[in-house]
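Here are some points for you to read with the model open beside you. Please take them in order, and look up each place as it is named.

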There are 2 protein chains.
Amino acid sequence: MTMLRIPGKFDPNYWVSALHRLDPGLKIDVWPDVKDNHAIQFATVWSYPSGELLKYPNLKCISSLGAGVDHIFNDSARPPGVPIVRIVDKNLVRDMSQYIIWAVLNHTRALDEYRRSQARSLWTPRALKSLPQIGIMGLGQLGADAAIKLHNLGFSVSGWSNTPKNIPGITCFAGDKQQNAFLNQTDVLICLLPLTSQTRHILNRKTFSQLKKGAYLINVARGGHLLEEDLLAALDNHTLSGACLDVFNTEPLPSTHPFWQHPAIKITPHISSVTDPTSAVNQIFENYRRALAGEPLLNRVDVERGY
Amino acid sequence: MTMLRIPGKFDPNYWVSALHRLDPGLKIDVWPDVKDNHAIQFATVWSYPSGELLKYPNLKCISSLGAGVDHIFNDSARPPGVPIVRIVDKNLVRDMSQYIIWAVLNHTRALDEYRRSQARSLWTPRALKSLPQIGIMGLGQLGADAAIKLHNLGFSVSGWSNTPKNIPGITCFAGDKQQNAFLNQTDVLICLLPLTSQTRHILNRKTFSQLKKGAYLINVARGGHLLEEDLLAALDNHTLSGACLDVFNTEPLPSTHPFWQHPAIKITPHISSVTDPTSAVNQIFENYRRALAGEPLLNRVDVERGY
């Protein structure tokens, strides 16, 4: 029995070693070096060529290497009926909330302004503004955790999701009908939605215009949520005061992209939350075992919903 | 009955207005414009000339305008027996923990490095290091709150205090005997001690050498805790990897001070937690009422301990 490993953003040897620590006898082919297509029963994938998975007739499970599965759904030529699983990892949730909290505090406590003052040896204390209203789009595991932690730090937090949620301390909005009301009261908008046909380009001119004047955007979901030209326009006309972006339509972000040197845009290279192989590998191995045994899989994705 | 207001870092009119909203008839003299020294029964002070308070024979209470009282204890010629109170404000605690969390995340998530990469349009993701051990010196209201919140964000946190404490989830060390053991396991040292004769210059060469190699320092207590030349030496010889400082021996920090342009030192101008007059004024007014009525005061300082 063999596991297929299609390299993602990390050194494949790192993953292979981690899996071999769990089962030294596990046979793992690292794509494209596949000895026998018929032997492949489980695939762990990040981005890969469309149609590639059709070559493995005995595939029992496709496992994303991260929390997102949009790279798998983007493959319109994928084997029908093969279940798809994703990584749900407490470290992914912890790291994402840490990044979001940093981005919120860096903005609300004016820490970039103090950094610029330091560069000029200037002592320029300023009074604290009143705390902003945080609005989180997407209240899955990541969104709910960030909402609760920001609330516990003293922020007033609301959230918006496709289906109604109930999170103590958080004002929850749901569905198309409540989207406007949610946006109207938001000073800091955080996008944690899954990327689907419904949410692609949801961060657009109209959305920005519904936020409070001079709102701040944090996108830690997918580059595909954002209409990039609409962000630049919203910053130019002060609809938004700034943005912190960790994800982009094209990654790595091309060196000539206007985001890099925009004074109101803070960029990090998709590091808000990164699958830790030593933690995620247990889940991958357990799903491998379950897939072969025909048992129910962990963290299976609903193919109809797309997340 | 009159209240004396010795101007601190903020516009005194702001405070006077806030107090008058609570009691429009309150008589407030703003130092040095004092009409009748005998009428002064309550003083709200930040820094002031030594001996000044001896001029008011009917003083019933001295109230600091912040959480710290070291500026009052520095006055060796203060009226004996007059009780001293300080501000204990949930907003002060909230703001301090927010600042500390930002400083910890900015360091542990390498966000200054990503900022430097952005300046050069460089996409340079790096693997997350394992989470550091946080060590908090001082486990009063501020220290305990920061400890619990950092713990809730996934950090392993220990604390050290003069008297033994018991905080769920936090490894607590106490007293001189356990100081070395506390420092030995600390990657990120946060100083939140009160400034007393025992704690002055506690952030010195010996303390730094007991930390884990390449530890990071966050000082949000008082400039007097830090021996400045020892910090510069510890950064030069890589005993410490960096420092985030919000407080200084001399404030404003002189523009020629070597800290400003040191590449491993991050400076903010004493803004980690600042008394919010609209919030603190309720406590000042309540202590004014109690002082005049002879009732027990809120947040009274132990003159023997010095905090």
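1. Helix H3 of chain B is a good place to begin in this predicted model. H3(B) has 19 residues, and from its first C-alpha to its last it reaches 27 Å, which is close to the 27 Å expected at 1.5 Å a residue. Of these 19 residues, 16 are buried, so that H3(B) is mostly covered. After the helix comes B:Ala110, whose phi is positive, near 60°.

2. The next point concerns how the two chains are arranged. Two copies of a chain are related by a rotation about an axis and a shift along it. Here, a turn of 180° with a shift of 0.0 Å along the axis lays chain B on chain A with an RMSD of 0.1 Å, and that is the relation of a two-fold axis. The C-alpha of chain B nearest this axis belongs to B:Trp102, at 2.7 Å from it.

3. Through which surface do the copies meet? Of the interface residues of chain B, 100% are also interface residues in chain A, so the copies meet through the same surface.

4. Please look next at the empty space inside the model. Rolling a probe the size of a water molecule over the atoms shows where empty space is left. A search of the whole structure finds five cavities of 30 Å³ or more, and the largest cavity has a volume of about 60 Å³. Its lining includes A:Trp102, A:Asn106 and A:Lys266 from chain A, and B:Trp102, B:Asn106 and B:Lys266 from chain B. The elements that give two or more residues to this lining are helix H3 (90-108) and helix H4 (111-119) of chain A, together with helix H3 (90-108) and helix H4 (111-119) of chain B. By character, the lining residues of the largest cavity divide into four nonpolar, two polar and six charged; among the residues of the lining are A:Asp112, A:Arg115, B:Asp112 and B:Arg115.

5. Two peptide bonds deserve a careful look. In chain A, the bond from A:Trp31 to A:Pro32 is cis, with omega near 5°, and A:Pro32 is found in the loop between strand S2 (27-30) and strand S3 (40-45) of that chain. In chain B, the bond from B:Glu251 to B:Pro252 is cis, with omega near -5°, and B:Pro252 is found in the loop between strand S11 (240-245) and strand S12 (265-267) of chain B.

6. Which sign does phi have at A:His201? The value is positive, near 65°, in a residue other than glycine. A:His201 lies in the loop between strand S9 (188-191) and helix H7 (205-210) of chain A, and at 30% relative accessibility A:His201 counts as partly exposed, since the partly exposed class runs between 20% and 50%.

7. A:Asn299 also has a positive phi, near 55°, in a residue other than glycine. Its place is in the segment after helix H9 (277-293) of chain A, and with a relative accessible area of 27% A:Asn299 is partly exposed.

8. The last point is about A:Pro49, which is placed in the loop between S3 and strand S4 (61-64) of chain A. With 35% relative accessibility, A:Pro49 counts as partly exposed. A:Lys35 is 14 residues away from A:Pro49 along the chain, and the C-alpha atoms of these two residues are separated by 18 Å.

Methods
Residues are numbered from 1 along each chain as its sequence is written. Chains are lettered from A and ligands numbered from 1 in the order in which they are written. This is a predicted model: local features need pLDDT of at least 70, side-chain atom pairs count only at pLDDT 80 or more; totals for chains, interfaces and linings use all residues. Side-chain values use heavy atoms; hydrogens and water are left out. Copies are superposed by least squares on the C-alpha atoms of residues with pLDDT of at least 70 in both. Contact means heavy atoms within 4.5 Å. On a 1 Å grid over the protein atoms alone, a cavity is a set of points where a 1.4 Å probe fits but cannot get out, and a pocket is an open set with protein on both sides within 12 Å along at least five of seven lines; lining residues have an atom within 4 Å of a point. Grid points are joined across faces, edges and corners, and a volume is the space filled by probe spheres set on the points. Helices (H or I, at least four residues) and strands (E, at least two) are DSSP runs, numbered from the N terminus. Ala, Val, Leu, Ile, Met, Phe, Trp, Tyr, Cys and Pro count as nonpolar, Asp, Glu, Lys and Arg as charged, and the others, Gly among them, as polar. The expected span of a helix is 1.5 Å times one less than its number of residues. Buried means under 20% relative accessible area, exposed over 50%, partly exposed in between (1.4 Å probe, protein chains only).
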